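Let's go through a few labels and ask what backs each one up.

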Amino acid sequence: MSETIILGIESSCDDTSAAIIKGNQILSNIADSQEIHNEYGGVVPELASRAHQQNIIPVVQKSIMEANIQQKDISAIGFTRGPGLLGSLLVGVSFAKSLAMSLNVPLIEVNHLQAHILAHFIKDANIVPPQFPFLCLTVSGGHTMIVLVKDYFDMEIIGKSIDDAAGEAFDKIGKIFDLDYPAGPIIDQLAQKGDENAFTFGKPKLQEYNYSFSGVKTSVLYFVQKQVKANENFVQENLHDLCASVQKTIVDILMNKLKKAAKDLKINRIAIAGGVSANSKLRSTLEEYSAKLGWEIFIPKFEYTTDNAAMIAMVAQLKYERKIFTDLSVTASSRYEINEDDLTM
Ligand code: KG4
Ligand code: ZN
(Lines give C-alpha, C1' and ligand atoms only; values in the text may rest on other atoms or scores of the structure.)
(Ligands and ions follow the chains in the order given, each with its own letter.)
Protein backbone atom coordinates (compact mmCIF):
# COMPACT_ATOMS: atom_id res chain seq x y z
CA MET A 1 0.00 0.00 0.00
CA SER A 2 1.33 3.45 -0.84
CA GLU A 3 1.96 5.77 2.11
CA THR A 4 -0.59 8.35 3.15
CA ILE A 5 -0.07 11.89 1.89
CA ILE A 6 -1.67 14.66 3.95
CA LEU A 7 -2.02 18.39 3.32
CA GLY A 8 -1.84 20.55 6.46
CA ILE A 9 -3.14 24.12 6.58
CA GLU A 10 -2.35 26.73 9.24
CA SER A 11 -4.01 30.17 9.41
CA SER A 12 -4.54 30.92 13.11
CA CYS A 13 -2.68 34.23 13.28
CA ASP A 14 -0.55 36.07 10.74
CA ASP A 15 1.16 33.23 8.85
CA THR A 16 -0.61 31.49 5.97
CA SER A 17 1.07 28.11 5.75
CA ALA A 18 0.60 24.80 3.95
CA ALA A 19 2.64 21.61 4.22
CA ILE A 20 2.64 18.11 2.80
CA ILE A 21 3.54 15.14 4.97
CA LYS A 22 4.12 11.57 3.87
CA GLY A 23 4.63 9.00 6.63
CA ASN A 24 5.82 11.53 9.26
CA GLN A 25 8.23 13.03 6.71
CA ILE A 26 7.69 16.61 5.59
CA LEU A 27 7.83 16.97 1.80
CA SER A 28 7.12 20.70 1.77
CA ASN A 29 6.42 23.43 4.31
CA ILE A 30 5.47 26.78 2.79
CA ALA A 31 4.68 29.93 4.78
CA ASP A 32 3.73 33.42 3.76
CA SER A 33 4.32 35.74 6.73
CA GLN A 34 2.18 38.82 6.59
CA GLU A 35 4.56 41.79 6.60
CA ILE A 36 1.63 44.20 6.60
CA HIS A 37 1.37 44.09 10.43
CA ASN A 38 4.93 45.33 11.02
CA GLU A 39 4.00 48.97 10.52
CA TYR A 40 1.16 48.69 13.07
CA GLY A 41 3.34 47.16 15.81
CA GLY A 42 1.10 44.09 16.13
CA VAL A 43 -1.33 41.86 14.26
CA VAL A 44 -4.40 43.69 12.94
CA PRO A 45 -7.11 40.96 12.80
CA GLU A 46 -9.05 42.35 9.82
CA LEU A 47 -5.90 42.75 7.73
CA ALA A 48 -4.79 39.25 8.73
CA SER A 49 -8.03 37.64 7.48
CA ARG A 50 -7.80 39.54 4.21
CA ALA A 51 -4.16 38.54 3.68
CA HIS A 52 -5.00 34.88 4.41
CA GLN A 53 -7.66 35.04 1.69
CA GLN A 54 -5.11 36.39 -0.74
CA ASN A 55 -2.37 33.93 0.23
CA ILE A 56 -4.10 30.64 0.84
CA ILE A 57 -4.44 29.34 -2.71
CA PRO A 58 -0.92 30.28 -3.88
CA VAL A 59 0.57 28.86 -0.66
CA VAL A 60 -1.32 25.55 -0.98
CA GLN A 61 -0.43 25.29 -4.67
CA LYS A 62 3.22 25.91 -3.88
CA SER A 63 3.21 23.24 -1.14
CA ILE A 64 1.81 20.70 -3.61
CA MET A 65 4.29 21.69 -6.31
CA GLU A 66 7.31 21.65 -4.02
CA ALA A 67 6.33 18.23 -2.62
CA ASN A 68 6.26 17.03 -6.20
CA ILE A 69 2.81 15.47 -5.84
CA GLN A 70 -0.56 16.07 -7.45
CA GLN A 71 -3.83 17.08 -5.85
CA LYS A 72 -5.25 13.62 -6.50
CA ASP A 73 -2.50 12.03 -4.36
CA ILE A 74 -3.79 13.75 -1.21
CA SER A 75 -5.38 11.28 1.25
CA ALA A 76 -6.68 13.79 3.82
CA ILE A 77 -6.73 17.48 4.73
CA GLY A 78 -5.64 18.67 8.18
CA PHE A 79 -6.37 22.23 9.31
CA THR A 80 -6.02 24.41 12.40
CA ARG A 81 -9.42 24.66 14.06
CA GLY A 82 -8.14 26.90 16.89
CA PRO A 83 -7.16 28.58 19.09
CA GLY A 84 -6.43 31.81 17.25
CA LEU A 85 -8.01 34.84 15.63
CA LEU A 86 -11.51 33.91 14.48
CA GLY A 87 -11.36 35.73 11.13
CA SER A 88 -8.00 34.16 10.32
CA LEU A 89 -9.13 30.68 11.33
CA LEU A 90 -12.31 30.97 9.25
CA VAL A 91 -10.30 31.35 6.05
CA GLY A 92 -8.31 28.14 6.68
CA VAL A 93 -11.31 26.18 7.97
CA SER A 94 -13.56 27.10 5.04
CA PHE A 95 -10.83 26.39 2.52
CA ALA A 96 -10.00 23.01 4.09
CA LYS A 97 -13.66 21.98 4.18
CA SER A 98 -14.21 22.88 0.54
CA LEU A 99 -11.07 21.14 -0.64
CA ALA A 100 -11.86 17.99 1.39
CA MET A 101 -15.33 17.96 -0.16
CA SER A 102 -14.10 18.44 -3.69
CA LEU A 103 -11.35 15.81 -3.38
CA ASN A 104 -13.69 13.53 -1.41
CA VAL A 105 -11.08 12.87 1.30
CA PRO A 106 -11.36 12.97 5.11
CA LEU A 107 -11.10 16.26 6.97
CA ILE A 108 -9.03 16.38 10.18
CA GLU A 109 -9.19 19.21 12.70
CA VAL A 110 -6.02 20.11 14.58
CA ASN A 111 -5.52 21.99 17.82
CA HIS A 112 -2.79 24.58 17.21
CA LEU A 113 -1.27 24.16 20.69
CA GLN A 114 -1.15 20.37 20.46
CA ALA A 115 0.52 20.88 17.09
CA HIS A 116 3.33 23.04 18.52
CA ILE A 117 4.08 20.19 20.96
CA LEU A 118 3.63 17.29 18.53
CA ALA A 119 6.01 18.96 16.06
CA HIS A 120 8.62 17.02 18.03
CA PHE A 121 7.40 13.88 16.25
CA ILE A 122 8.16 15.10 12.72
CA LYS A 123 10.61 12.62 11.26
CA ASP A 124 14.13 14.00 10.97
CA ALA A 125 17.44 12.20 10.68
CA ASN A 126 19.00 14.26 13.49
CA ILE A 127 16.12 14.30 15.95
CA VAL A 128 14.95 11.67 18.41
CA PRO A 129 11.35 12.31 19.53
CA PRO A 130 10.56 12.32 23.27
CA GLN A 131 9.02 9.33 25.00
CA PHE A 132 5.91 9.80 27.14
CA PRO A 133 5.47 11.28 29.64
CA PHE A 134 7.38 14.50 29.15
CA LEU A 135 7.01 18.13 30.15
CA CYS A 136 6.72 20.70 27.39
CA LEU A 137 7.26 24.40 27.99
CA THR A 138 4.97 25.79 25.30
CA VAL A 139 5.79 29.43 24.69
CA SER A 140 4.35 31.55 21.90
CA GLY A 141 2.90 34.97 21.22
CA GLY A 142 -0.46 33.89 22.61
CA HIS A 143 0.36 31.21 25.18
CA THR A 144 2.82 30.35 27.92
CA MET A 145 2.29 27.06 29.67
CA ILE A 146 3.91 23.98 31.11
CA VAL A 147 2.15 20.95 29.67
CA LEU A 148 2.39 17.43 31.00
CA VAL A 149 2.26 15.32 27.84
CA LYS A 150 1.09 11.82 28.78
CA ASP A 151 0.34 10.67 25.26
CA TYR A 152 -0.18 12.17 21.79
CA PHE A 153 -3.68 13.32 22.65
CA ASP A 154 -3.56 13.25 26.43
CA MET A 155 -2.15 16.54 27.66
CA GLU A 156 -2.60 18.43 30.90
CA ILE A 157 -1.73 22.07 31.52
CA ILE A 158 -0.06 22.24 34.91
CA GLY A 159 0.87 25.92 34.81
CA LYS A 160 0.19 28.93 32.62
CA SER A 161 0.49 32.69 32.37
CA ILE A 162 -2.18 34.63 34.22
CA ASP A 163 -1.65 37.66 31.96
CA ASP A 164 0.71 38.27 29.00
CA ALA A 165 2.37 35.38 27.15
CA ALA A 166 6.18 35.27 27.01
CA GLY A 167 6.23 36.15 23.29
CA GLU A 168 3.81 38.99 23.94
CA ALA A 169 6.20 40.30 26.64
CA PHE A 170 9.10 40.24 24.15
CA ASP A 171 6.94 42.04 21.57
CA LYS A 172 5.55 44.68 23.96
CA ILE A 173 8.95 45.41 25.50
CA GLY A 174 10.36 45.66 21.96
CA LYS A 175 7.76 48.35 21.29
CA ILE A 176 9.08 50.32 24.29
CA PHE A 177 12.53 50.09 22.65
CA ASP A 178 10.97 51.21 19.35
CA LEU A 179 11.69 47.88 17.64
CA ASP A 180 9.61 46.42 14.83
CA TYR A 181 6.98 43.72 15.36
CA PRO A 182 7.51 40.86 16.17
CA ALA A 183 10.29 42.02 18.46
CA GLY A 184 11.18 38.60 19.96
CA PRO A 185 13.70 37.60 17.24
CA ILE A 186 15.10 41.16 17.08
CA ILE A 187 15.71 41.26 20.84
CA ASP A 188 17.36 37.82 20.57
CA GLN A 189 19.68 39.16 17.86
CA LEU A 190 20.54 42.45 19.61
CA ALA A 191 21.12 40.61 22.90
CA GLN A 192 24.03 38.67 21.38
CA LYS A 193 26.25 41.73 21.79
CA GLY A 194 24.87 42.86 25.15
CA ASP A 195 25.63 42.37 28.84
CA GLU A 196 22.73 40.44 30.33
CA ASN A 197 23.63 41.57 33.85
CA ALA A 198 23.67 45.27 32.96
CA PHE A 199 20.13 45.90 34.24
CA THR A 200 17.82 43.97 36.54
CA PHE A 201 14.06 43.95 36.32
CA GLY A 202 11.52 42.74 38.87
CA LYS A 203 10.40 39.12 38.71
CA PRO A 204 6.92 37.94 39.71
CA LYS A 205 6.31 35.79 42.77
CA LEU A 206 3.50 33.44 41.84
CA GLN A 207 2.29 30.20 43.36
CA GLU A 208 2.89 26.80 41.83
CA TYR A 209 3.76 26.71 38.14
CA ASN A 210 1.95 29.83 36.95
CA TYR A 211 3.57 32.70 35.12
CA SER A 212 3.07 36.45 34.87
CA PHE A 213 4.84 38.77 32.45
CA SER A 214 2.90 42.04 32.64
CA GLY A 215 4.96 43.15 35.69
CA VAL A 216 8.24 42.75 33.79
CA LYS A 217 6.87 44.87 30.97
CA THR A 218 5.77 47.62 33.39
CA SER A 219 9.09 47.47 35.21
CA VAL A 220 10.98 47.96 31.91
CA LEU A 221 8.63 50.78 30.89
CA TYR A 222 9.07 52.76 34.14
CA PHE A 223 12.83 52.20 34.12
CA VAL A 224 13.15 53.41 30.52
CA GLN A 225 10.87 56.42 31.11
CA LYS A 226 13.02 57.48 34.08
CA GLN A 227 16.31 57.07 32.22
CA VAL A 228 15.05 58.87 29.12
CA LYS A 229 14.23 61.95 31.24
CA ALA A 230 17.95 62.25 32.07
CA ASN A 231 19.24 61.15 28.65
CA GLU A 232 16.94 61.09 25.65
CA ASN A 233 19.28 58.70 23.81
CA PHE A 234 19.35 56.19 26.67
CA VAL A 235 17.60 53.39 24.73
CA GLN A 236 19.73 53.74 21.60
CA GLU A 237 22.96 53.95 23.61
CA ASN A 238 22.12 50.89 25.73
CA LEU A 239 20.04 48.83 23.32
CA HIS A 240 22.20 45.70 23.34
CA ASP A 241 22.45 45.61 27.15
CA LEU A 242 18.73 46.34 27.53
CA CYS A 243 17.80 43.49 25.16
CA ALA A 244 20.20 41.03 26.83
CA SER A 245 18.92 41.94 30.30
CA VAL A 246 15.26 41.64 29.29
CA GLN A 247 15.90 38.33 27.56
CA LYS A 248 17.70 36.95 30.63
CA THR A 249 14.83 38.07 32.90
CA ILE A 250 12.17 36.37 30.73
CA VAL A 251 14.20 33.17 30.31
CA ASP A 252 14.94 33.01 34.07
CA ILE A 253 11.23 33.33 34.87
CA LEU A 254 10.38 30.56 32.36
CA MET A 255 13.12 28.22 33.56
CA ASN A 256 12.53 28.62 37.32
CA LYS A 257 8.99 27.29 37.10
CA LEU A 258 9.96 24.59 34.65
CA LYS A 259 12.68 23.42 37.05
CA LYS A 260 10.19 23.32 39.92
CA ALA A 261 7.64 21.36 37.87
CA ALA A 262 10.26 18.83 36.72
CA LYS A 263 11.43 18.31 40.30
CA ASP A 264 7.95 18.01 41.84
CA LEU A 265 6.64 15.69 39.13
CA LYS A 266 9.92 13.76 38.96
CA ILE A 267 10.05 14.04 35.18
CA ASN A 268 13.39 14.62 33.50
CA ARG A 269 12.28 14.54 29.87
CA ILE A 270 11.87 18.22 29.03
CA ALA A 271 10.80 19.74 25.70
CA ILE A 272 10.21 23.29 24.50
CA ALA A 273 7.81 24.38 21.75
CA GLY A 274 6.23 27.46 20.16
CA GLY A 275 7.64 30.65 18.68
CA VAL A 276 9.68 31.63 21.75
CA SER A 277 11.41 28.23 21.70
CA ALA A 278 13.43 29.71 18.82
CA ASN A 279 15.10 31.98 21.38
CA SER A 280 18.84 31.30 21.60
CA LYS A 281 19.11 32.11 25.32
CA LEU A 282 16.22 29.78 26.17
CA ARG A 283 17.88 27.03 24.13
CA SER A 284 21.31 27.48 25.71
CA THR A 285 19.86 27.71 29.23
CA LEU A 286 17.96 24.48 28.64
CA GLU A 287 21.23 22.85 27.60
CA GLU A 288 22.91 24.12 30.79
CA TYR A 289 20.09 22.65 32.89
CA SER A 290 20.39 19.39 31.02
CA ALA A 291 24.09 19.18 31.90
CA LYS A 292 23.46 20.22 35.54
CA LEU A 293 20.30 18.26 36.31
CA GLY A 294 20.56 15.31 33.96
CA TRP A 295 17.52 16.35 31.93
CA GLU A 296 16.93 14.69 28.59
CA ILE A 297 16.01 17.71 26.47
CA PHE A 298 14.08 18.10 23.23
CA ILE A 299 14.54 21.26 21.18
CA PRO A 300 12.50 21.56 17.96
CA LYS A 301 14.11 22.35 14.65
CA PHE A 302 14.09 26.07 14.05
CA GLU A 303 11.53 25.93 11.21
CA TYR A 304 9.02 24.10 13.44
CA THR A 305 9.09 26.63 16.30
CA THR A 306 7.09 29.59 14.98
CA ASP A 307 3.72 28.98 13.33
CA ASN A 308 3.97 26.49 10.46
CA ALA A 309 1.77 23.97 8.70
CA ALA A 310 4.25 21.09 9.03
CA MET A 311 3.18 20.67 12.66
CA ILE A 312 -0.48 20.72 11.58
CA ALA A 313 0.18 18.04 8.97
CA MET A 314 2.02 15.99 11.63
CA VAL A 315 -0.98 15.96 13.97
CA ALA A 316 -3.32 15.22 11.06
CA GLN A 317 -1.13 12.22 10.22
CA LEU A 318 -1.37 10.92 13.83
CA LYS A 319 -5.15 11.36 13.77
CA TYR A 320 -5.44 9.74 10.34
CA GLU A 321 -3.67 6.63 11.67
CA ARG A 322 -6.22 6.56 14.52
CA LYS A 323 -9.14 7.26 12.15
CA ILE A 324 -10.03 10.44 14.02
CA PHE A 325 -11.86 12.44 11.37
CA THR A 326 -13.91 15.63 11.49
CA ASP A 327 -17.39 16.24 10.17
CA LEU A 328 -17.72 18.76 7.32
CA SER A 329 -20.06 20.82 9.53
CA VAL A 330 -17.10 21.80 11.78
CA THR A 331 -16.62 25.47 12.70
CA ALA A 332 -13.53 27.37 13.84
CA SER A 333 -12.93 27.51 17.59
CA SER A 334 -10.98 30.60 18.64
CA ARG A 335 -10.71 29.39 22.25
CA TYR A 336 -10.06 25.72 21.55
CA GLU A 337 -8.45 24.32 24.73
CA ILE A 338 -5.47 22.01 24.52
CA ASN A 339 -7.26 19.22 26.39
CA GLU A 340 -10.77 19.82 25.04
CA ASP A 341 -12.40 16.72 23.57
CA ASP A 342 -12.28 16.85 19.80
CA LEU A 343 -15.62 17.18 18.10
CA THR A 344 -14.98 14.26 15.84
CA MET A 345 -17.20 11.82 14.09
O1 KG4 B 1 4.18 30.33 17.89
P2 KG4 B 1 4.20 31.66 17.23
O3 KG4 B 1 4.77 31.79 15.84
O4 KG4 B 1 2.77 32.26 17.13
C5 KG4 B 1 1.80 32.09 18.12
O6 KG4 B 1 1.17 30.99 18.15
O7 KG4 B 1 1.67 33.03 18.93
O8 KG4 B 1 4.97 32.65 18.20
C9 KG4 B 1 5.23 33.98 17.86
C10 KG4 B 1 5.96 34.63 19.02
C11 KG4 B 1 6.12 36.15 18.87
O12 KG4 B 1 5.72 36.77 20.07
C13 KG4 B 1 7.62 36.31 18.62
O14 KG4 B 1 8.13 37.54 19.08
C15 KG4 B 1 8.18 35.14 19.39
O16 KG4 B 1 7.28 34.09 19.15
N17 KG4 B 1 9.53 34.76 18.93
C18 KG4 B 1 10.64 34.91 19.68
C19 KG4 B 1 11.73 34.47 18.89
N20 KG4 B 1 11.23 34.06 17.67
C21 KG4 B 1 9.89 34.25 17.73
N22 KG4 B 1 10.80 35.37 20.93
C23 KG4 B 1 12.05 35.41 21.41
N24 KG4 B 1 13.14 35.02 20.72
C25 KG4 B 1 13.04 34.55 19.45
N26 KG4 B 1 14.11 34.16 18.77
ZN1 ZN C 1 1.65 29.24 17.45
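Q: What makes His116 a polar contact of ligand 1?
A: An oxygen atom of ligand 1 is 3.2 Å from an N or O atom in the side chain of His116. A polar contact is a pair of N or O atoms within 3.5 Å, so the pair with His116 counts. His112 has such a pair at 3.3 Å, also through its side chain, and a polar backbone atom of Gly142 is 3.3 Å from a ligand oxygen. The protein covers 89% of the 550 Å² of accessible area that ligand 1 has on its own (Shrake-Rupley, 1.4 Å probe).

A note on the basis: this is a predicted model, where local features need pLDDT of at least 70 and side-chain atom pairs count only at pLDDT 80 or more, while totals for chains, interfaces and linings use all residues. Residues are numbered from 1 along each chain, and side-chain values use heavy atoms, without hydrogens or water.

Q: Which helices supply at least two residues each of the shell around ligand 1?
A: Helices H3 (112–118), H4 (166–176) and H5 (184–191) do; a helix here is a DSSP run of H or I, at least four residues.

Q: Why is Leu258 called buried?
A: Its relative accessible area is 0%, and buried means under 20% (1.4 Å probe, protein chains only), so Leu258 qualifies. Leu258 sits in helix H8 (residues 239–265).

Q: What does Leu258 touch, not counting residues up to four places away in sequence?
A: Leu137, Ile146, Tyr211, Ile270, Leu286 and Trp295, where contact means heavy atoms within 4.5 Å.

Notes. Chains lettered and ligands numbered in written order. Polar contact = N/O pair within 3.5 Å; in protein donor to acceptor, adjacent residues only side chain to side chain. Buried < 20%, exposed > 50% of the residue type's maximum accessible area, 1.4 Å probe, protein only.
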